[in-house]
Amino acid sequence: MPLSPRAVSAFLLLPLLAGCSSLYFPPPPQVPLLTQKGEWSASMHTNLSQNTAIQGAYAVSDHLGVMGSASFLHTNKKKEAVDHDFAELGLGYFTRIADHRVLEVYGGYGGGRTKRVERTPTEGITRTLEGGLNKYFVQVNYTSKEKKSYHVLGRDWPLTYGTAMRASYVTLTDFHLNRQPAFNEDNIFFEPITYARVKLVGPLDAQFISGSNFGLKHRKFLKASNSVFQFGIIVNLGGQEGEK
């Protein structure tokens, strides 16, 4: 039986849909490492894709912390232009365990907007995708017992390690494909990361984040195809003395 024109079009689009990048750009999991009431943490991270995040956290009590972040990505390249703005708020529990490491557990909500315009030099704009993003997440942070120090440029550079594990339920809402309403999507992402923190001066540290992003559902536009790698600076003030 001959295929209908619609079926032929859908078949021809399959390679394009399989190769498209995700509309979700994960912000780096925040690791404030709070230790006592009144401590606050602030950080800024970015990566090679220009996905930048500004984050902050505050210890409301000796075990209750709040955190928030705003991330944004605005690029205009030959093949595509991306506009992505996203914010998160979280509330959680933190404590120091017996060997002075820090354990944190947070849950929260995030939301924002995302848009991608694809184009070619000959055809101009070929496709426009845009929609809203909503997110619920749970996250566990802890520092490693292993610590190192490197002697470079006449001084020691203390280096600490840690891990964060985040699970997120993300929905793509009000989705429009070429300005026409399209099917919304959802996905569950698992984002395990490791981080290394190098003490620069006083409370100021450099932080490097590397990790993976797994999508537990097969989706066309909301999938785990963007990097979790980030590098930035972080400062903690008002916390307990000693390495974390």
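**Exercise 1. In what order do the helix and strands of the chain run from the N terminus on?**

Step 1: Get the vocabulary straight. Helices (H or I, at least four residues) and strands (E, at least two) are DSSP runs, numbered from the N terminus.

Step 2: Read off the order, which is α-β-β-β-β-β-β-β-β-β-β-β-β. That comes to 1 helix and 12 strands.

Before you go on, a word on what you're looking at: this is a predicted model, where local features need pLDDT of at least 70 and side-chain atom pairs count only at pLDDT 80 or more, while totals for chains, interfaces and linings use all residues. Residues are numbered from 1 along each chain as its sequence is written, and side-chain values use heavy atoms, with hydrogens and water left out.

**Exercise 2. What percentage of the chain's residues count as buried, and what share of the contacts join residues at least 24 apart?**

Step 1: Fix the scale. Buried means under 20% relative accessible area, exposed over 50%, and partly exposed in between (1.4 Å probe, protein chains only).

Step 2: Apply it to the chain, and 41% of its 244 residues count as buried.

Step 3: Turn to contacts (heavy atoms within 4.5 Å). Taking those between residues at least 6 apart in sequence, 63% join residues at least 24 apart.

Step 4: Look at the outside too. The chain has an accessible surface of about 12800 Å², and 64% of that belongs to carbon and sulfur atoms. These areas come from the Shrake-Rupley method with a 1.4 Å probe; for residues, only the protein chains shown count as cover.

**Exercise 3. Which residues make up the largest nonpolar core, and which element gives the largest share?**

Step 1: Know what to look for. A nonpolar core is a set of buried Ala, Val, Leu, Ile, Met, Phe, Trp, Tyr and Cys residues joined through side-chain atoms within 4.5 Å.

Step 2: List the members. The largest core has 11 residues in all: Leu23, Tyr24, Phe86, Leu129, Leu133, Val170, Leu172, Phe175, Phe189, Phe221 and Leu222.

Step 3: Sort them by element. E6 and E7 are the elements that give two or more residues to this core, and E7 provides the largest share, with 3 residues.

Step 4: Check for company. Apart from this core lies another one, of 8 residues, including Val31, Leu33, Tyr195 and Ile209.

Step 5: Zoom in on one core member. Leaving out residues up to four places away in sequence, Tyr24 touches His84, Leu133, Lys135, Val170, Phe189, Glu191, Leu222 and Asn226.

**Exercise 4. Is Asn141 buried or exposed, and what does its side chain make a polar contact with?**

Step 1: Find Asn141 in strand E6.

Step 2: Check its cover. Asn141 has a relative accessible area of 0%, so it's buried.

Step 3: Look for a partner. The side chain of Asn141 makes a polar contact with the side chain of Gln139, at 2.7 Å. (A polar contact is a pair of N or O atoms within 3.5 Å; within protein, one must be able to donate a hydrogen and the other to accept it, and residues adjacent in sequence count only if both atoms are side-chain atoms.)

**Exercise 5. Which residue forms a salt bridge with Asp174, and what is unusual about the phi of Asp174?**

Step 1: Start with the rule of thumb. Most residues other than glycine have a negative phi.

Step 2: Compare. Asp174 isn't a glycine, yet its phi is positive, about 50°. Asn178 has a positive phi as well, near 55°, and sits in the loop between E7 and strand E8 (180-181).

Step 3: Find the bridge. A salt bridge is a side-chain nitrogen of Lys or Arg within 4 Å of a carboxyl oxygen of Asp or Glu. Asp174 forms one with Arg113, with the closest N and O atoms 3.7 Å apart.

Step 4: See what gets linked. Asp174 lies in strand E7 and Arg113 in strand E5 (residues 102-120), so the pair ties together parts that are 61 residues apart in sequence.

Step 5: Check exposure. Asp174, at 45% relative accessibility, is partly exposed, and so is Arg113, at 42%.

**Exercise 6. Which residues do salt bridges with shared partners join into one network?**

Step 1: Take the pairs. Glu118 meets Arg116 in a salt bridge (3.1 Å, N to O), and Arg127 meets Glu118 in another (3.1 Å, N to O).

Step 2: Check their cover. Arg127 and Glu118 are both buried, and Arg116 counts as buried at 1% relative accessibility.

Step 3: Join them up. Glu80, Arg116, Glu118 and Arg127 form one network through salt bridges that share partners. The whole structure has 9 salt bridges.
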